[in-house]
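This report looks at how one helix packs in its fold, and at a few buried residues. The sequence and structure come first.

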Amino acid sequence: MIRITESISIDEVELHEEFLRSSGAGGQNIQKVESAVQLRFDAANSPNLPDAVKARLLHLAGRRATQEGVIVITAQQHRTQHRNREDALARLLELIKEAARPPPPTRKKTRPTLASKVRRLEGKARRSTIKRGRERPDIG
C-alpha cells in the first residue's frame, strides 16, 4: 500500500507500468534501451479513493486522463528506467495529493467602501485634468 494522506492509500496492484523507448537525442543507447516509463492508474474504478477525490483527480489530470478514467503518466526525462519509474510515481502521488486537498472556501461578495469609491473618482478626475492639459489649444 502506498500512503498518500492519513486517510487515503492506494494499492500497488492498481498501478500498471509499461516500458518504451525514449524519444530525443541519446546516441546509440536510445535505440536499444527501453528507459521511458508509462504509468497507468485506473482512478475511476479505484476502490481506495473517495468519489469527491476521484472527480477532482480526473479534472486535475486533464489530458492525461482517458475517457475511461485511466490516468496515464509518461516519464522519460532521466537516462535510467529506475529514475523514470520514481519520477512517474512521484508525479502521480503529487497529483492525487493535490486532488485530496479540500477545495478552497467559496468567495464572499463584498462591496467597496464609500472612501474607496471617493478615492477612485478623485484619481480619475486628477488623471482627466492631466490629459486635458495636453490638448492642443484652441486658436480661434
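## The end of helix 2

Glycine 62 comes right after helix 2. Its phi is positive, near 60 degrees. The model is predicted, and every value here is computed from it.

## Overall fold

The protein has four helices and five strands. Read from the N terminus, the order of elements is β-β-β-α-β-α-β-α-α.

The protein has 140 residues, and 26% of them are buried. Take the contacts with a separation of 6 or more: 55% of these join residues 24 or more positions apart.

## The two faces of helix 2

Which residues of helix 2 are buried? They are Val53, Lys54, Leu57 and Ala61. Viewed down the axis of helix 2, the buried residues fall within an arc of 100 degrees, so they line one face of the helix. The general rule is that an α-helix has 3.6 residues a turn, so residues three or four places apart point the same way.

Asp51 and His59 sit on the other side of helix 2, and both are exposed. The cover over the buried residues of helix 2 includes strand 4, strand 5 and helix 3. Strand 5 spans residues 70-75.

## Helix 2 against helix 3

Helix 2 covers residues 51-61, and helix 3 covers residues 81-100. Their axes come within 8 Å and cross at roughly 125 degrees. That angle makes helix 2 oblique to helix 3, because it lies outside the ranges for parallel, antiparallel and perpendicular pairs. The crossing of helix 2 past helix 3 is right-handed.

Which residues meet where helix 2 packs on helix 3? Helix 2 brings Val53, Arg56, Leu57, Leu60 and Ala61. Helix 3 answers with Leu95, Ile96, Glu98, Ala99 and Ala100. By class, the contact of helix 2 with helix 3 has eight nonpolar, two charged and no polar residues. Val53, Leu57 and Ala61 take part in this contact, and they are also among the buried residues of helix 2.

## Buried alanines in strands 4 and 5

Alanine 36 belongs to strand 4, which spans residues 36-42. Is alanine 36 buried or exposed? Its relative accessibility is 0%, so alanine 36 counts as buried; the cut-off is under 20%. Alanine 36 is 43 residues from arginine 79 in sequence, and the two C-alpha atoms are 8.4 Å apart.

Alanine 75 is in strand 5. Alanine 75 also has 0% relative accessibility and therefore counts as buried. Its C-alpha is 8.9 Å from that of serine 35, a residue 40 positions away in sequence. Leaving out residues up to four places away in sequence, alanine 75 touches Ala36, Val37, Asn84, Asp87, Ala88 and Arg91.

## Asparagine 84 in helix 3

Asparagine 84 lies in helix 3. At 0% relative accessibility, this asparagine 84 is classed as buried.

What does asparagine 84 contact, beyond its neighbours within four places in sequence? The partners are Ser35, Ala36, Val37, Ala75, Gln76, Gln77 and His78. Among them are both buried alanines described above, Ala36 and Ala75. Ala75 also touches Ala36, so these three residues contact one another.

Notes
Residues numbered from 1 in each chain as written. Predicted model: local features only at pLDDT ≥ 70, side-chain atom pairs only at ≥ 80, totals over all residues. Heavy atoms only, no water. Axes fitted to C-alpha atoms, helices over the stretch in contact; angles between N-to-C directions. Helix = DSSP H or I, 4+ residues; strand = E, 2+ residues; numbered from the N terminus. Parallel < 35°, antiparallel > 145°, perpendicular 65-115°, else oblique. Left-handed = near helix turned anticlockwise from the far one by under 90°. Contact = heavy atoms within 4.5 Å. Nonpolar A, V, L, I, M, F, W, Y, C, P; charged D, E, K, R; others polar. Buried < 20%, exposed > 50% of the residue type's maximum accessible area, 1.4 Å probe, protein only. Arc of directions from axis to C-beta.
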